[in-house]
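Biologist: Please take a close look at one part of this structure, the aromatic cluster, and describe how its rings are arranged.

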Amino acid sequence: MKPLDGIVVCDFTWAGVGAYSTFLLAMLGASVIKIESRTTAQVAGGSGRKSNPVRRRGVTVSLFEELNAGKKSVSLNLKNPRGKELILGLVGQSNLVIENFRPGVMKRLGLSYDELIKVRPGLVMVSMSTSGAFGPESHGAGYAPVFAALSGASWLTGYQEGPPVELRFPVDMVSGTMGTLSALVGLHRQRTTGQGTCVDLANRETFGAFIGDALIDFGWNGREQGRVGNENWRMAPHNCYPANGDNEWVAIAVETDEEWSGLRQALGEPAWMDDPGFGDRYLRWKNRDLLDDRMTEWTRTRDPQEIMRVLQQHGVAATPSYSAMGLVTDHHLNSLAKFRGLTKRDGSSWIYFGPPWTLTETPAGISKPSPELGEHSREILTSRLGLSDSEFQQLVAEQAIY
Amino acid sequence: MARYPMFDGLKVVEVASMVTGPYATKLLAEFSADVIKVEPPDGDPSRRHGPFRDDKPSINGSGLFVYLNTNKKGMTLDLETATGKTILIELLADADVFVIDLSLEQLERIELSLHDLVESNPGLVVGSITPFGLEGPYSRYKGHDLNLYQTGGDGWLLPSGLAHELFPDREPLKPGGHVGDYYAGLNAAVGIMGALHSRQTSDRGQLVDLNKLDAHVSLSREHIMWFANQGLLETRETRSFAFGGCIPCRDGFVEIVCLSDGQFDSLIELLGSPEWAKQEKFRDINTRAEHGAEVNQHLKEWAQDRSRHEIYDEGRALGVPIGIFSRPGDIVNSEHGKARGYMVNAEHPSAGEVTYPRQGFIFDDKALVDDPAPDLGQDNFEILSGLGYTREEIVKLWQFKIT
């Protein structure tokens, strides 16, 4: 049993944000039917079926492969009246419609919420876009770094003396996750009361809600907060320190006096730690730059794994900064089998990181790789809409199924 | 106005501090769950975080606390005492969701078993939030926002683009504020909703491990995928855009991301169709990427005399994927934000008038007015009375610092 057994999703999403939102729904057990079309499937972007040279500098793989695992693909031509009828037929049997086109596109296609609830009363619909469905900037296009910049979170990220830092792919995941949450909440009420709803999500607002306190500071004190590197309001040491090796770093964060004394023991009680300048939490925070220098002297000759082991034994939060290689070889993640494999149609295997939560009684997960374009057209349209084989062939010939 | 009537009588109890757990339950509260926040008698540490109005600190006036705990009720309880623990268990008897961020050591110290909680209330969803999870070699390791962001794999790649170009050898970064902890909270809310959906068919709750490491690693799927399946190791260099990215202008910075020919054409139109752009090497999407540094040189020269808002407004109208690096003031004063009711104005009994962002969603249901975040121990009397404690007992509990 999975949490969303029996829930059917009509998935019009594309690119990172949308694909991740329905990837999570698929992991939770929903039947996700990806509606695609040969007329539009080759869109550029980080996560389309085709990879992009500007973004990837020659890398030919696409994130599509990962974010669409566990979904089924039906290819329908929206510009064909019969194609549109089939779409409405599928919506009529779905619990959720979810999309992340530019605002106005679904309406132009005749697929606005007002139209869709006529064929499926109680429908939940979730729309995600850079700046939301209305407002003077709603027509603006954007990828993750754009809506991260607009959100304000990028402004607060960076070295104190440097420029703001563009934030990338994870921000797609953040916005997609909020789409998933909105869908789950809407579906929960639909299952309880039958009532539907439609949701307008602005990706810049989803991410901007993560800096609520900085916005309150502006209102209360007129303060425009800036960038502080890795500094924390109440911890020191608190930074990424260089470790032995090329581009090896270790993150160390010390909060309490108890942790400080653990650190002291782990470092072999060096004399510099008895400096009255490090005598309490406040003083350590005040003298954090000097503290960083001292810490660096200790960390730079040591292996990050060894630093983690020794400091954690003494109750200090120390962990390596991981590249993808560090992650896939990590002892903890592997002992819990967090990386999973799928067999693709060509027989090769695909390694991916599993669900980001462990539901102990109804575990999430997927078992199928990402679909070929239209791979499930016949299966879905004959089983769900009752098309006969000859009707199906006819619609393929008419390019309604396309 | 930021709350929606999505739940009818969902009771949530929270034993969690700072950002992650409280954000997960804030999200549930914005869908009208009845959230009771349980704090130690000296309060959630976020009460000391600030910001404070006019920089005057007070236990009920911290901006971070006020923001994260809107729409909740609050009570104090010392869970290290036998009585405090008893009261918590009474509180959970008819609860639907329990969000707890205590570590394994803390749970052992107060002898609280999460499995037992589900046994005694079979409908209860217990969401455990820890740095590294309830199982595995790191389950007893400590980790803060900085650790998780770095160990989760995105930190190693920060910064890319302009900041990396200027400071190629500096330490990796975490995003500003508490971004990673917020994300872990959002991811946790999704996991909790998954368990609530399971309950729709089985009537049974369950323990859900919502650890932060899993949330963070999930954000790193892109470069994990490249390495695990293609043997390509993403670095700060390879992650930087071939051109565009963070571009300095007269009064700040803009972010430009042009991935398609059409978008590049729009960008060139924004620049006034200059001669340099007509060269063959910039016409093809592949050679353009190879000569990205030259494109950026031209972009920077063009942008240096223009304001961020001017570039953004003109670029947006032409279809360029573009945004300003908004400062807090840009966001609070944004016309777009005003049209969408992004900033919520509310009156807090202790903190006064406060303006904070609503969450990214607008449901087509009627929005309800937010309830202010609780003062420390504000609802002790009401909640304890509800559990059957007398006035005298409630006073005693406070005198003994159990509440």
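**The aromatic cluster**

Modeller: Y23(B) and Y182(B) are both buried. This is a predicted model, and the description below rests on it. Over all chains, the structure holds 22 aromatic pairs. A pair of aromatic rings is described by the distance of the centres and the angle of the planes.

Take the pair between the chains to begin with. The ring centres of F210(A) and Y182(B) are 5.2 Å apart and the planes stand at 15 degrees; planes under 30 degrees apart count as stacked, so this pair is stacked. F210(A) belongs to the loop between α9 (203-208) and α10 (212-221) of chain A, while Y182(B) belongs to helix α8 (residues 179-202) of chain B, so the pair joins two chains. Like Y182(B), F210(A) is buried.

Y182(B) also pairs with Y23(B). Here the centres are 4.8 Å apart and the planes are at 70 degrees, so the pair is edge-to-face. Y23(B) lies in helix α1 (residues 20-30) of chain B and Y182(B) in helix α8 of chain B, so this contact of rings ties together parts 159 residues apart in sequence.

These residues belong to one aromatic cluster, formed by F207(A), F210(A), Y23(B), Y67(B), Y182(B) and Y356(B).

Two other rings have a charge over them. The charged end of R168(A) sits over the ring of F241(B), 3.8 Å from the ring centre. In chain A, R227(A) lies over the face of W155(A), with 4.5 Å to the ring centre.

Conventions
Residues numbered from 1 in each chain as written. Chains lettered and ligands numbered in written order. Predicted model: local features only at pLDDT ≥ 70, side-chain atom pairs only at ≥ 80, totals over all residues. Heavy atoms only, no water. Phe/Tyr/Trp six-rings, centres within 6.5 Å; stacked < 30°, edge-to-face > 60°. Helix = DSSP H or I, 4+ residues; strand = E, 2+ residues; numbered from the N terminus. Buried < 20%, exposed > 50% of the residue type's maximum accessible area, 1.4 Å probe, protein only. Lys NZ or Arg CZ within 6 Å of the ring centre and 35° of its normal.
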